[in-house]
Amino acid sequence: MSLLRHPLVLRIRRNHALEHAIMHLLSQRDPSLRLVGHSDWNGISLYGEVDTPAVVRAAEQGLARLRAGEVWLRLHPRCGTNFAVGMFLGGCAIYAATETSRKSIVRRLLRMGAYLMGALFVAQPLGMLVQRHVTTAPSMNDVQIKEIRKQQRAGTTIHRIVTA
């Protein structure tokens with residue numbers, strides 16, 4: 001069995017897809033909205049000021065639209081996956097620029113700049129590919145929203161979306 005198809009990993013990938021759909025729908029309603037999301041095997045946590053009825057609507061709509069085939073909703077341009085891919089590529093670029101040449105510091109810095117620009121150029125599209133094939137799942141048929149509750153912790157509003 002592929003690790004990506006392991007039941008626990010698949011639950012996380014499905015919740016991550018639903019998290020992105022919710023973020024898309026909430027952002028369409030309020031483009032200035034600032035939220036951070038985190039998915040795990042039991043559901044999704046949204047951190048930020050948003051009203052609970054809007055979260056409930058977005059979660060229900062997002063799940064229905066993903067099930068209806070709107071798989072683009074599972075990909076988000078500001079996903080942490082994109083940042084992780086960019087950081088990895090940036091680290092590789094710096095390593096390659098500094099390890100492949102024993103020439104002058106100026107040449108190494110110029111090479112590093114060029115490699116970093118290349119890494120930045122491919123980070124976003126590569127991050128979206130990683131989201132599509134690794135960190136989110138296309139099938140939402142087995143996902144159910146069990147509960148949505150609002151919590152306050154240390155002055156932060158958290159909406160917990162419990163899935164099954």
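## Briefing: sheet, helices and pocket

Four strands form an open sheet in the order β1-β2-β4-β3, and the pairing is antiparallel. At the edges lie β1 and β3 (145-153), each of which pairs on one side only. From one strand to the next, the twist averages 15°. The model is predicted. Its chain holds 4 helices and 4 strands, and the notes below take the sheet, the helices and the largest pocket in turn.

**Overall layout**

- Along the sequence, the elements follow the pattern α-β-β-α-α-α-β-β.
- The C-alpha trace of the chain spans about 60 × 40 × 25 Å along its principal axes.

**Strand pairing**

- Strands of a sheet pair through backbone hydrogen bonds, in either a parallel or an antiparallel way.
- β1 and β2 run antiparallel and are joined by 5 bridges.
- These two strands, β1 and β2, make a hairpin, with 2 residues between them.
- Val36 stands opposite Tyr47 of β2.
- On to the next pair: β2 (residues 43-47) and β4 (residues 156-163) are also antiparallel, with 5 bridges joining them.
- Leu46 has His159 of β4 as its bridge partner.

**Helices on the sheet**

- Helix α1 packs on the sheet and touches β1, β2, β3 and β4.
- The direction of α1 makes about 160° with that of β1.
- Helix α2 (residues 52-67) lies across β2, β3 and β4.
- With β3, α2 makes an angle of about 150°.

**Helix against helix: α1 and α4**

- Two packed helices are described by the angle between their axes and the distance between the axes.
- The axes of α1 and α4 (residues 105-135) come within 10 Å of each other and cross at roughly 135°.
- The crossing angle therefore makes α1 oblique to α4.
- On the α1 side, the contact is made by Arg13, His16 and His20.
- On the α4 side, Gln131, His133, Val134 and Thr135 make the contact.
- By class, the residues of this α1–α4 contact divide into 1 nonpolar, 5 polar and 1 charged.

**Largest pocket**

- The volume of the largest pocket is about 370 Å³.
- Its lining has 17 residues.
- Nearest the centre of the largest pocket lie Met23, Leu35, Val36, Gly37 and Arg78.
- Val36, one of these central residues, is also the residue opposite Tyr47 in β2.
- Three elements each supply at least two residues of the lining: α1 (7-29), β1 (36-40) and α3 (80-99).
- Which element gives the most to the lining of the largest pocket? That is α1, with 5 residues.
- The lining of the largest pocket divides into 6 nonpolar, 8 polar and 3 charged residues.

**Recurring element**

- Helix α1 appears under several of these topics: α1 touches β1, β2, β3 and β4 of the sheet, its axis crosses that of α4 at roughly 135°, and α1 gives 5 residues to the lining of the largest pocket.
- Strand β1 also recurs: β1 is an edge strand of the sheet, a partner of β2 in the hairpin, and a supplier of at least two residues to the pocket lining.

How values were computed. Residues are numbered from 1 along each chain as its sequence is written. This is a predicted model: local features need pLDDT of at least 70, side-chain atom pairs count only at pLDDT 80 or more; totals for chains, interfaces and linings use all residues. Side-chain values use heavy atoms; hydrogens and water are left out. On a 1 Å grid over the protein atoms alone, a cavity is a set of points where a 1.4 Å probe fits but cannot get out, and a pocket is an open set with protein on both sides within 12 Å along at least five of seven lines; lining residues have an atom within 4 Å of a point. Grid points are joined across faces, edges and corners, and a volume is the space filled by probe spheres set on the points. Ala, Val, Leu, Ile, Met, Phe, Trp, Tyr, Cys and Pro count as nonpolar, Asp, Glu, Lys and Arg as charged, and the others, Gly among them, as polar. Two strands pair if DSSP finds at least two bridges between them. Axes are lines fitted to C-alpha atoms, for helices over the stretch in contact, and angles run from 0 to 180 degrees between N-to-C directions. Contact means heavy atoms within 4.5 Å. Angles under 35 degrees count as roughly parallel, over 145 as roughly antiparallel, 65 to 115 as roughly perpendicular and the rest as oblique.
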